Structures are given as structure tokens and as C-alpha cells.
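Please read this briefing beside the sequence and the structure. The lead sentences begin with one pair of strands, and the points after them are grouped by topic.

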Amino acid sequence: MSKRSLWIVTAGIALFMVACAPPVTQLPTQLTPGTGKSFRLASPVEADISTGRSTTLRANTRWELVGTVSMGDVYRTRDQVVTLRGDGIHEGYIVVRERALVGFYLPVERAFCPVAQTQPLSIEP
Amino acid sequence: MNIRAIVLAAAAALMLTGCATSGPKFSEMSATMAAAKLDTGRIYFYRTALIGAAVQPEVRLNGEKVGKAVPNGFFYVDRPAGNYQVVTETEVEKKLTFTLDAGQVRYVRLNISMGFWVGHVYGELIDEGEAKSEIASTRYIGSATTP
């Protein structure tokens, strides 16, 4: 194989790798429905889920409790679209424990995706 | 006319054909569109990007073909509340999953990204405010289907 051909193949593989992100982690979990709690997020949060693509939670969004999983309380908002991006894109609800974001609940997949690092949340009533 | 000119003319014609979307604009049509039934939600699909115009894969919703990813085009479907998966496929299969509530409106933008041989078209869930401004100038390419 000539140097030029090798370069073209290498560049092609690199492009393909860039285009293909790793999958979003999905740990099967069970949601126990619940209601009655809500909060306002006062400051934005950037959550890393180890796929190379982060998810931003905007400030001044209101979050309503929809249930509980073993990792924490699950909240959803109607103030923004929340998605997790890897090789696919999945809608996510946030999972909160002790006023910190610990991960996301994927309602379609019924799975939990942890964040790379727990993020403290600026929570207001 | 030499071969190069013929090839260029054919490519230009193909590109223009690929870009042609002749239906009414969303902004013109939205006021007269019937609302979804009370027990269903609505999902809009739209594509703004003209890049890779010749790449127009089918859009499948929970396994059912509901339309094509046509540049500068939009279509919509009304569906019962539930879980949905949008799949588009070129050289790889791309998936988007989301929930739909009764009375809810969802907007799925069909983007294109670089691929090895051919671009990858994928659905992305978009906030209503952003989607409404983007979809306004796209043209209707579908025939609305209800369950």
C-alpha cells in the first residue's frame, strides 16, 4: 500500500471514529412513581456522562418529581428538552440525591445513566 | 459539449431535484392545521440543512415509515401518549428515543453529520422555541397520519 493510500485510509477511519460516539450507559432500573415535590434550579449545570457529549441543565427551570429509583429521586421539566447523547440520543430525566445530580433516568429504556462526577445543584423552592 | 460539462450539468440537476420542496411553508400552514385529538400528541419532523441534500433516508417511528428526511421540508404525525423511537439509516443506523404525552407537541430536527462514505442523518429533540423559528421556513412534504 502506498503512503498516500495509507494516509487516506487512516483519515477515513479517524473520521468514522469521530462520527461514532460511544453508547450512553444504561443500567436497568425500576421507577416507583411519585409526585408532590418540585424545585427551581437556580444555576445552570453541565453534566458529563462519559460519552464525550455533555448535557446542560438550564438555570430557572422548574423540576417536578415523577418517581424514585434506587439511585435517588427522579425529576422532569417542561422548561427544556433534556437529552443524553452518545451513539444515539435519548430523552432523560434527572436523578437527584442529597441535592446533587447523580445521573439520568431514561424513561423509554427504563435505565439509569450515571454522571461522571456528581454535580451539586443550586436548588430553590 | 464535453463530458465534464455534461457531468456538471447532471450533478447540478440532481442537486436541485434533491432540494425541491414545493409544499406550503410551515408559517403559512400552521394557522390552518387541525390540532391533534385530545388523547394524542403531535410529533413534527423537519430538516433545515441543505448540506448532503441527496441523502434523504426514510424516517421510521417505532418501526413504521412515516416520511423522509427531505432538506427544507417538514411533516408531522399524531400518536397516542407513549414511548417512541425514531430511526434513520444511511451507512449506520441512528436512534432517538423520547416520550410523548397526550396534548404534547414534540419537534424532531433531522440533522446530517459526516460519515465514511455517506453522511449520517439523525433525529434530535429540539426545544419548542428554537424549533418554531427553524421550522417556519420549511415546506410541508408529508400527509399527516393518525393512529
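In this predicted model, strand 1 and strand 4 of chain B pair in the antiparallel sense over eight bridges, where strands (E, at least two residues) and helices (H or I, at least four) are DSSP runs numbered from the N terminus, and two strands pair if DSSP finds at least two bridges between them. Within this pair, B:Arg47 has B:Gly73 in strand 4 of chain B as its bridge partner. Residues are numbered from 1 along each chain as its sequence is written, while chains are lettered from A and ligands numbered from 1 in the order in which they are written. Because the model is predicted, local features need pLDDT of at least 70 and side-chain atom pairs count only at pLDDT 80 or more, whereas totals for chains, interfaces and linings use all residues.

**The sheet around these strands**

- Strand 1 and strand 4 of chain B belong to an open sheet of five strands with the order 8-7-1-4-9 and mixed pairing, in which strand 8 and strand 9 of chain B are the edge strands, each pairing on one side only.
- Strand 1 of chain B also pairs with strand 7 of chain B, in the parallel sense and over five bridges, and here B:Ile43 stands opposite B:Arg106.
- Strand 4 of chain B is joined by two bridges to strand 9 (residues 139-140) of chain B, and the two run parallel, with B:Phe74 opposite B:Tyr140.
- Helix 3 of chain B lies across strand 1, strand 4, strand 7 and strand 8 of chain B, and runs at about 65 degrees to strand 7; axes are lines fitted to C-alpha atoms, for helices over the stretch in contact, and angles run from 0 to 180 degrees between N-to-C directions.

**Burial and nonpolar cores**

- Strand 4 of chain B is largely enclosed by the rest of the structure, because six of its eight residues are buried; a residue is buried if 20 or more other C-beta atoms, placed from the backbone, lie within 10 Å of its own.
- The largest nonpolar core (buried Ala, Val, Leu, Ile, Met, Phe, Trp, Tyr and Cys residues joined through C-beta atoms within 7 Å) has 32 residues, and those with the most contacts inside it are B:Tyr44, B:Phe45, B:Phe74 and B:Val108.
- Among the elements that give two or more residues to this core are strand 1 (40-47), strand 4 (73-80), strand 7 (105-113) and helix 3 (128-135) of chain B.
- A second, separate core has 25 residues, including A:Ala47, A:Leu57, A:Val69 and A:Leu101.

**The two chains**

- Chain B has three helices and nine strands, and 37% of its 147 residues count as buried.
- Chain A has one helix and 13 strands, and buried residues make up 28% of its 125 residues.

**Where the chains meet**

- The contact takes 17 residues from chain B and 14 residues from chain A, two residues being in contact if their C-beta atoms, placed from the backbone, lie within 7 Å.
- On the side of chain B that touches chain A, strand 6 of chain B gives the most, with six residues.
- Strand 9 (residues 89-91) of chain A is joined to strand 6 of chain B by two bridges, and these strands run parallel, with A:His90 opposite B:Thr97.

Notes: A residue is buried if 20 or more other C-beta atoms lie within 10 Å of its own, exposed if 12 or fewer, and partly exposed in between; C-beta atoms are placed from the backbone.
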